[in-house]
Amino acid sequence: MNLNDKIQAINDSFSKDKKNFKSNSIKFDDFKNKYLGRKGLLSELYPLLNSVSDSDKPECGKKINSIKNVITKEIHSLGNNLSDLSNNALNIDSSMPGTEKFSGSIHPLTKIIDEIKSIFNRIGFSTIYGPEVDTDYYNFEALNIPKDHPARDMQDTFYINKETLLRTHTSSSQIHFMEKNQPPLRIISPGRVYRNEDISVRSYCLFHQIEGLYIDKNVKFSDLKGTLDYFAKSLFGENVKTRFRPSYFPFTEPSAEMDVSCIFCKSKGCNICKQSGWIEILGCGMVDPEVFKFVDYDVDIWSGFAFGIGIERIAMLKYGVKDIRIFYNGDIQFLEQIKL
Ligand code: PHE
């Protein structure tokens, strides 16, 4: 086929394909590639120049360029108008799932910690942090738990050596802070704690707590109750009730555990609250004067209360999680499910 015939053939085929494209019988990409692709029809024209005499070459070159420009322009303008055409013309199956974009989210434990922090920050508590690797002195001794005290059995400890350990509770942050600051004070201290316990659906070798400490003149048990009741209502809603049961911690006297009325059954009794209508969420008490002695606070002037909130427990309740381990294994499906 000589060059002129070939150009004519391409022109004819292009007019036909334009119609086919508009009537949706050829897809845009195929249409475009057929002419403009690396091995497209237009690319077939240039080799034909070889068979043309030198004197005809400029003329033929112009013809090739001209058809190439016209077709390229037309195809691009059809492409630009694609968005104006109906889905049907585009051959799009609108029932097909789109490409999903994954976005990160805040871990549920971090979310709860942030929420609790802001509840206490609103009433003047500031946030401080203590070390996770600490000494026996800060974790036990200065909290009125001497060596050989039976209360050490309450918390199975990971020792690094005789004196150094992974903290078993955030109460150790209290001592660090009191050593460096004078009362009055109002702090909370969130963080990770470690216990050498058998791993199960209910316990893991690490978990999170938020410690609270309030010291001033004339602080009474009623202040503790009022503060923690405000906290429970802020977190779980105005209708939640609180109750305090006597308990024992070596660093507080008297000590208590606070329960909230079961948010699932509204205290009617369900298997989450074990039919009792109440769920325990924290330990608390009035700071034992023995602790003040370790940090040189005058026990005749100062009094205060402390509390330790278990974060996982609250997160499990809030998200209906039955196995504590799922918070730590980075399971994307779980995290996606409770993305907030
Ligand atoms: N540290 C205690 C625990 O881990 C909780 C607590 C903190 C109790 C402060 C009383 C006061 O169990």
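Select C273 first: at 3% relative accessibility, this residue counts as buried (under 20% relative accessible area; exposed is over 50% and partly exposed lies in between, with a 1.4 Å probe and protein chains only). The model is predicted, so local features need pLDDT of at least 70 and side-chain atom pairs pLDDT 80 or more, while totals for chains, interfaces and linings use all residues. Residues are numbered from 1 along each chain as its sequence is written, and side-chain values use heavy atoms, without hydrogens and water.

Next, display the sulfur of C265. This is the nearest cysteine sulfur to C273, 3.7 Å away, and C273 is in no disulfide (a pair of cysteine sulfur atoms within 2.5 Å). The count of disulfides by this rule is zero. C60 may be selected as well; C60 is buried, with a relative accessible area of 11%.

Proceed to strand 8, residues 278-287 (strands are DSSP runs of E, at least two residues, and helices of H or I, at least four, numbered from the N terminus). Eight of its 10 residues are buried, so strand 8 is largely enclosed by the rest of the structure. Add strand 7 (residues 252-261), which runs antiparallel to strand 8 and is joined to it by eight bridges (strands pair if DSSP finds at least two bridges between them). Here E280 of strand 8 is the bridge partner of D259. Then add strand 9 (residues 303-310), antiparallel to strand 8 through five bridges; L282 stands opposite I309.

Finally, select I10, S13, F14, D17, K18 and F21 in helix 1, which meet F28, F31, K34 and Y35 in helix 2 (contact means heavy atoms within 4.5 Å).
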